[in-house]
Structure formats: structure tokens, C-alpha cells
Amino acid sequence: MSFMSVDSDKLARTSCVRPIKIEDGRVLLLDQRKIPERVEYFDATALSDMFNAIKDMIVRGAPVIGVAAALGLASEGRRLAHAGLAQREFIEKLDLARKKLQSSRPTAVNLRWATDLIFEKACKGNSANLSLLADELFAAAISMVEDDIRANMMIGRHGASVIPDEGGVLTHCNAGALATCGWGTALGVIRSAWDHGKRFNVYVDETRPRQQGARLTTWELLQDNITPTLITDSMAGYLMAQRRIDVVIVGADRIATNGDAANKIGTYTVAVLAHAHNIPFYIAAPLSTIDPHIENGDQIPIEEREASEVTVIGDQKICPPEVHVWNPAFDVTPARLVSGIICQTGILRPPYTESIQAALAQAPD
Ligand code: MRU
């Protein structure tokens with residue numbers, strides 16, 4: 001079986017939570033800021049709307065922001081093609097659009113990966129008919145949606161083996177259908193294990209300051225009738241000390257070739273705690289999350305976000321206005337704390353420098 005092989009019934013089942021919809025050539029994004037109160041879609045077809053949607057986290061999660069940006073770039077290509085530009089000007093303007101989208105969030109490498117693919121296709125494509133070329137770019141971006149879901153289902157299939165038949169699994173942030181094009185990475189593993197009849201408790205870190213765990217992961221699991229247990233981030237250590245966690249599984253925004261991995265702030269703390277309690281700690285991510293250009297986690301750019309994410313909860317200011325705030329959105333977990341990286345080719349094990357290189361060599365172009 002090819003590592004991209006997934007049966008179509010299963011693929012159809014993933015349609016329950018879809019963060020991206022394409023309707024009449026328009027790119028609609030599930031507004032994740034409004035979950036769990038409301039399910040609303042935001043029209044991000046225009047370049048500036050897509051840029052803002054990624055920056056303001058209407059859409060968030062490394063794999064899905066990559067695909068969303070690719071669709072945004074292709075939509076911009078369609079707009080430029082209809083503006084009657086010469087080929088050189090078309091490519092120059094598309095390049096500016098690519099750079100703008102890539103600047104929206106710096107840590108997730110999928111954003112660069114997906115927009116570079118669309119741009120390279122534009123440079124190599126048939127420049128005699130720009131409208132046709134732009135349609136091809138849009139079709140290529142749409143195909144990334146199904147490719148991502150297929151990759152996630154393979155991640156789920158490989159990863160289900162690390163989930164116990166019963167007991168406890170801890171996850172951080174949201175690495176689910178909402179953070180991908182469907183099924184999810186870390187939550188994809190949880191879903192696949194659940195599909196195999198395993199019945200375990202899923203503990204979900206709240207994930208300060210944006211509460212992706214509390215707002216998104218709990219909501220998403222409940223859609224599949226998996227009832228999670230929510231904890232605040234500070235409870236994870238005591239939960240482990242109580243022997244209620246058998247495995248930790250999280251996603252990633254960028255993985256260096258030595259296996260160091262950036263993920264939502266707080267992941268490193270969970271990894272250290274897991275190590276101290278002798279609990280396996282897994283990362284689930286597609287190969288597009290591996291940055292082949294960097295050797296270790298020190299080279300991963302870490303996004304810092306506005307202070308208000310920390311100083312305000314809901315409408316309530318929780319600290320004096322003079323206070324200084326540091327708000328890194330991600331941290332880096334060193335490879336030595338990672339038991340395995342679950343990707344669509346299988347579970348990569350240390351030494352990661354070798355296993356990652358072998359997995360990348362297996363990946364289609
Ligand atoms: O700031 P966010 O919500 O975009 O951060 C998301 C994460 O850190 C996820 O764990 C990561 O992108 C993996 S998603 C499959």
C-alpha cells in the first residue's frame with residue numbers, strides 16, 4: 001500500500017469539521033475565534049483578507065495556514081490574470097503576494113512550503129495564457145486540501161499503535177481537524193485509535209493564552225462523541241504524578257532536521273514533565289512541517305504576539321496596565337525529549353537526523 005493510500009469512505013467521514021470550504025471559487029475559512037459559541041465562515045478570497053485571517057488567527061494551525069495561504073496566493077493569481085498584465089509583471093506581483101502571506105506568521109514552515117510550491121508552479125507554467133495558468137494554480141492549491149487529509153489519516157493509522165487500549169492521553173493546543181484540512185495530526189491519532197475501539201481518557205490542556213485546547217480541541221472531540229477532560233496548563237504535572245497519563249501527543253509548527261520541534265507555547269514544559277515521569281512524548285506532523293533548511297531548533301523563528309493576549313481574558317483586564325509582558329506564541333522541544341515523530345511514512349525514531357533524512361527522501365516532490 002502506498003503511504004498516501006486511504007479509503008474514500010474514511011475520507012468522506014472527515015467532512016464533519018472542515019476549516020476551509022471552496023464555494024464558487026471563493027475561499028471560506030471557519031472563523032476559529034468564534035468556536036465554540038458560533039460556527040461561521042469568513043470569506044478570505046481577497047489577498048488582504050487572507051493575510052488578516054492568518055495573522056488574526058481566524059484560521060490557525062500549521063498545516064491549514066499553509067493550505068489557506070496557497071489558496072489565497074492562487075486567488076490573487078486569478079485576480080492578476082484578469083487584470084491583463086504582462087507575464088513578467090504577473091510573476092513580480094505574485095511574488096510580492098507570496099512574501100506578504102509568508103510574513104503573516106513566522107513560525108509554521110508549512111506557510112512557506114505551500115506558497116513556494118504555488119509560486120514555483122507559476123514560474124514554470126504556461127505563461128502564454130495567464131488565465132489558464134491561474135486556474136491551474138487554484139486547482140493545485142485545492143488538491144493540497146485532500147493531500148493534507150490523506151497524510152493525516154496515514155499519521156493516524158501509524159500513530160494509533162502508541163495509544164493505550166485504556167488509560168490516559170494528554171494533548172496540548174489544537175492539532176486537530178481545525179488545525180489541518182481535516183482529521184488532524186495529534187487528534188488524528190486519537191481519532192484513529194478511537195476508531196480501532198480503544199477507549200481511553202483524553203486530557204486537554206487549556207493552552208494559555210489563546211485557549212486553543214479549551215475552546216477548539218474540546219469542541220472538536222465532542223463532535224466525534226469523544227468526551228475530553230479539560231485541565232489548566234498548570235495541572236499537567238500533578239496529573240502525571242497521579243499516574244493518569246500514559247502518553248502525550250502534540251502537533252508541531254516546524255521541525256528541524258535534528259528533530260527539535262517548535263509547537264504551541266507550553267509544549268516544552270509538558271515534554272519536560274513527561275520525561276520526568278517516564279511518559280512517552282510523541283509529535284504528530286506531516287513531512288511538510290519539517291524544515292529541510294535548518295539543523296536545530298535554535299534556528300526556528302519564534303513569533304511574539306501582542307501583550308493583550310496575556311493581560312486580558314474575555315473583556316476583563318487581569319493585571320495593572322504598567323506591567324511588562326512577554327508573549328512568545330511557541331517554544332522548542334529538544335529532540336532528546338521526543339520519543340517519536342509520527343508522520344505519513346511511519347513513526348520516526350532517534351537518531352532523527354537519520355530517520356528524518358530517510359523520510360524526506362521517500363516523500364513525493
Ligand atoms: O498559534 P496556533 O494556534 O496556530 O498554534 C497551533 C499549534 O501550535 C499546533 O499545535 C500546530 O500548529 C500543529 S497543528 C496540526
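Student: What makes ten residues in the lining of the second largest pocket count as charged?

Tutor: Asp, Glu, Lys and Arg count as charged, Ala, Val, Leu, Ile, Met, Phe, Trp, Tyr, Cys and Pro as nonpolar, and the others, Gly among them, as polar. By that split, the lining has three nonpolar, four polar and ten charged residues. This is a predicted model, where local features need pLDDT of at least 70, side-chain atom pairs count only at pLDDT 80 or more, and totals for chains, interfaces and linings use all residues. Residues are numbered from 1 along each chain as its sequence is written, and side-chain values use heavy atoms, leaving out hydrogens and water.

Student: Which residues lie nearest the centre of that pocket?

Tutor: Arg-33, Pro-209, Arg-210, Glu-306 and Glu-309, out of 17 lining residues. At least three lining residues come from each of domain 1 (8-153) and domain 2 (162-362), with bounds from an automatic or database domain assignment.

Student: Why is the largest nonpolar core called a core?

Tutor: The term means a set of buried Ala, Val, Leu, Ile, Met, Phe, Trp, Tyr and Cys residues joined through side-chain atoms within 4.5 Å, with buried meaning under 20% relative accessible area (1.4 Å probe, protein chains only). Here 47 residues meet that, so they form one core. Ile-20, Leu-29 and Met-50 are among those with the most contacts inside it. Helix α3 gives the most, twelve residues.

Student: What does Met-50 touch?

Tutor: Its partners include Val-27, Leu-29, Ala-68 and Leu-101, leaving aside residues up to four places away in sequence; contact means heavy atoms within 4.5 Å. A second, separate core has 30 residues, including Ala-274 and Ile-279.

Methods: 1 Å grid on protein atoms, 1.4 Å probe; cavity = no way out; pocket = protein on both sides within 12 Å on 5 of 7 lines; lining within 4 Å. Buried < 20%, exposed > 50% of the residue type's maximum accessible area, 1.4 Å probe, protein only. Helix = DSSP H or I, 4+ residues; strand = E, 2+ residues; numbered from the N terminus.
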